[in-house]
Amino acid sequence: MADVVKVTLPDGSAKEAPRGTRILDFVKGSIGAGLAKAAYFAKLDGEPVDLSRTLDRDARLEVVTTKSPEALEVARHDAAHVMASVVQKLYPGTQVTIGPSIEEGFYYDFARAQPFTPEDLEAIEKATNEAIAADLPFVREEVSLEEAVALFDGLGEKYKVEIIGDIARKGAKTLTLYRHGGWVDFCLGPHGPSTGRIGVVKLMSVAGAYWRGDAKNAMLQRIYGTAFFDRKALEAHLARLEELKKRDHRKLGPALGLFAFHEVAPGSAFWLPHGTTLYNLLADAMRRLVSRNGYQEVKTPLLFHKRLWEQSGHWGVYRENMFLVLDKESDPSLPVEERLSMSLKPMNCPSHYLIYKMARRSYRELPVRYFTVDVLHRNELSGSLGGLTRVRQFAQDDSHIFVMESQIPDEVERITGLMKTVYGAFGLEFTLRFSTRPPNPADRVGDDALWDKAEGALRAALDRLGLPWELNPGDGAFYGPKIDFVVTDSLGRKWQTCTIQLDYAAPERFDLSYAGDDNREHRPVVIHRAVYGSFERFIAILTEHYAGAFPAWLAPVQARVLTVSDRFDAWGREVADRLAAQGWRVELDHSSDKLGAKIRNAQLAKIPFALVVGEKEVEAKAVSPRRHGGADLQSMPLDAFAELLRREATPPF
RNA sequence: GCCGACAUAGCUCAGCUGGUAGAGCAACUGAUUCGUAAUCAGUAGGUCCCCGGUUCAAAUCCGGGUGUCGGCUCCA
């Protein structure tokens with residue numbers, strides 16, 4: 001066996017090193033001191049490893065420096081370890097569980113009878129940063145599972161012992177320990193070289209979290225934090241959080257008169273005049289779009305007898321989420337549970353199936369596309385309600401499309417076309433995620449042949465679209481595979497909005513059929529789809545995306561006329577009236593405020609156009625528009641402004 | 001639902017260890033008639049989330065409830 005190993009670098013060049021050389025020493029000696037200083041961890045043949053590991057075989061070596069997002073991810077995991085060590089020092093008797101790095105930071109779950117207070121958090125943060133300053137090396141050690149159990153059992157860490165049991169069941173024989181200072185935890189690694197390299201840690205919040213996320217398990221204390229290599233990056237992150245807070249639809253919605261909540265109706269919004277305008281504009285635009293695309297709008301009952309839900313299967317699996325209603329003519333001697341035999345609909349699908357069944361269908365009329373904007377109710381857990389994104393009452397731009405199997409690819413393409421039109425109009429990027437059958441056959445209906453067919457059809461449709469998509473194996477609905485649209489807003493946040501779901505099960509349950517060209521009965525396939533998703537959630541996304549400054553076509557008030565003084569109110573009034581008569585949404589500010597104040601108020605109300613009217617404008621029968629955001633347009637005749645509105649404020653679809 | 005925090009005027013917030021509730025903005029009234037992000041003065045506005053308890057006395061302390069917010073596996 002040669003006592004040198006060949007190390008291939010990312011640029012393709014190869015170097016030799018004595019077998020057993022530490023990666024960090026190799027980098028320092030054979031590549032450069034600068035890289036060694038910036039290095040955080042490394043990859044050997046693509047596998048992440050500590051810099052303290054040795055080169056024992058020929059391998060490709062990639063050095064990951066603190067410039068890489070991957071290094072930050074590792075550093076945050078390092079930070080979780082350091083914080084946990086500090087917590088155990090400060091609060092003896094606290095047990096550790098898990099502490100992963102997450103998208104914007106890290107968390108660590110602790111088992112401790114007493115919750116952490118905000119003051120505790122401050123103390124922990126301070127001590128964590130002190131431990132970082134102490135620059136303790138992370139030391140890796142591999143031990144047998146028996147040794148590990150003995151170690152953690154001895155420390156009284158019963159959650160850790162439980163995790164080791166899981167690891168043993170997965171077939172592992174050894175465990176890697178990481179120590180810093182006198183503290184020890186186990187994890188896959190890698191870690192950075194030492195605590196000092198982490199940078200700066202900021203603790204964000206405490207929260208309860210169930211062990212393994214299951215409400216049946218013990219409640220743990222979770223501490224969320226984040227870490228950055230330098231303070232500046234941390235401050236940028238905190239500034240971004242501030243910006244998010246400013247854009248929060250829960251704040252902007254009531255402030256702009258869009259919607260409000262009241263404690264007598266948790267989870268159900270009151271739509272105020274401006275919000276109702278916005279809601280209706282979105283609904284009207286969608287109605288026009290779908291009616292041009294072969295959809296038929298229908299309205300169905302809100303209240304149904306439970307027999308419908310028994311047939312659809314909801315009564316078994318979804319009953320917890322439905323609002324049940326007492327049938328007062330039911331037998332009073334029956335238990336209340338049985339008298340609650342009516343329910344508010346949580347979904348539109350079954351009623352669309354019933355409409356489909358109200359006539360005998362021919363292959364000639366497929367695809368049949370029903371569209372409904374009706375109020376739906378779902379009884380979400382009180383603790384999960386929040387703003388417009390998690391509500392109990394909402395409406396979807398919901399459709400169910402009945403197709404022959406051969407029509408699936410065309411129909412999916414057609415639906416995706418709608419998505420492109422709509423999301424393009426809002427400047428929202430989206431990516432596609434294809435979810436396939438749940439892995440456990442017990443969690444799905446239909447045999448493998450059916451699933452093969454359904455997945456094949458969706459995949460074929462995806463390929464034809466030519467849009468990039470990623471696979472999300474095993475995440476399909478129990479009745480069929482689906483395509484999810486993940487939208488990215490102006491702040492880079494991702495939202496799962498609409499889905500296209502193939503459903504082979506519902507046609508069976510409801511015995512749906514159509515007469516084919518062979519004059520025999522066939523089963524159609526149902527496609528569930530929504531473009532906005534729910535109006536409530538979509539308005540929340542748009543509000544934050546636009547920071548409340550909606551484009552002119554959507555703005556509840558499109559223009560506000562500002563008179564320079566009340567000598568010009570008559571022309572101001574006429575401007576407002578004439579624009580309103582043409583269907584534009586206009587207000588007049590004839591208060592005795594000075595122009596500067598009127599401008600300011602119009603800006604704060606995020607109205608797209610402020611129309612200044614003074615002496616010049618009266619003489620010229622003109623207005624001087626000023627865009628939200630400050631751009632001052634030249635004075636123009638009123639008709640020219642109306643033309644500008646026609647160009648900019650007409651719904652794009 | 002569970003864990004934690006919070007709840008004072010329309011909004012943003014102050015109100016110390018218990019002693020008759022305050023500011024700014026908004027609103028209203030008056031004056032001002034003004035050219036691109038705040039004119040001045042005055043007036044009014046409160047079930048201190050709700051229900052109990054302790055106390056001579058509760059926004060404040062205690063208990064219960066409601067609502068809101070942060071969370072409740074991105075799995076060593």
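A polar contact is a pair of N or O atoms within 3.5 Å; within protein, one must be able to donate a hydrogen and the other to accept it. In this predicted model, the side chains of His 191 and Asp 78 make such a contact at 2.3 Å. The points below cover His 191, Arg 361 and a surface patch that includes Leu 303.

**His 191**
- His 191 sits in the loop that runs between β13 (183-186) and β14 (200-210).
- With a relative accessible area of 1%, His 191 is buried, because buried means under 20%.
- Besides Asp 78, the side chain of His 191 has a polar contact with the side chain of His 81, at 3.4 Å.
- Beyond four places in sequence, the residues in contact with His 191 include Tyr 40, Phe 41, Asp 50, Val 74, His 77, Phe 138 and Tyr 178.
- Leu 51 is 140 residues from His 191 in sequence, while their C-alpha atoms are 8.5 Å apart.

**Arg 361**
- The loop between α13 (349-357) and β22 (368-372) holds Arg 361.
- Arg 361 has 11% relative accessibility and therefore counts as buried.
- Its side chain reaches two backbone oxygens: that of Ile 355 at 3.0 Å and that of Tyr 356 at 2.7 Å.
- Arg 361 also touches Tyr 370, Ser 513, Tyr 514 and Ala 515, among residues more than four places away in sequence.

**Surface patch**
- Leu 302, Leu 303 and Val 375 make up a nonpolar surface patch, and their accessible area together is about 210 Å².
- Leu 303 belongs to strand β19 (residues 303-305) and is partly exposed, at 39% relative accessible area.

Conventions:
Residues are numbered from 1 along each chain as its sequence is written. Chains are lettered from A and ligands numbered from 1 in the order in which they are written. This is a predicted model: local features need pLDDT of at least 70, side-chain atom pairs count only at pLDDT 80 or more; totals for chains, interfaces and linings use all residues. Side-chain values use heavy atoms; hydrogens and water are left out. Helices (H or I, at least four residues) and strands (E, at least two) are DSSP runs, numbered from the N terminus. Buried means under 20% relative accessible area, exposed over 50%, partly exposed in between (1.4 Å probe, protein chains only). Contact means heavy atoms within 4.5 Å. Patches are made of residues with over 30% relative accessible area and no salt bridge: like charges are joined within 9 Å, nonpolar side chains (Val, Leu, Ile, Met, Phe, Trp, Tyr) within 5 Å. Accessible areas come from the Shrake-Rupley method with a 1.4 Å probe; for residues, only the protein chains shown count as cover. A salt bridge is a side-chain nitrogen of Lys or Arg within 4 Å of a carboxyl oxygen of Asp or Glu.
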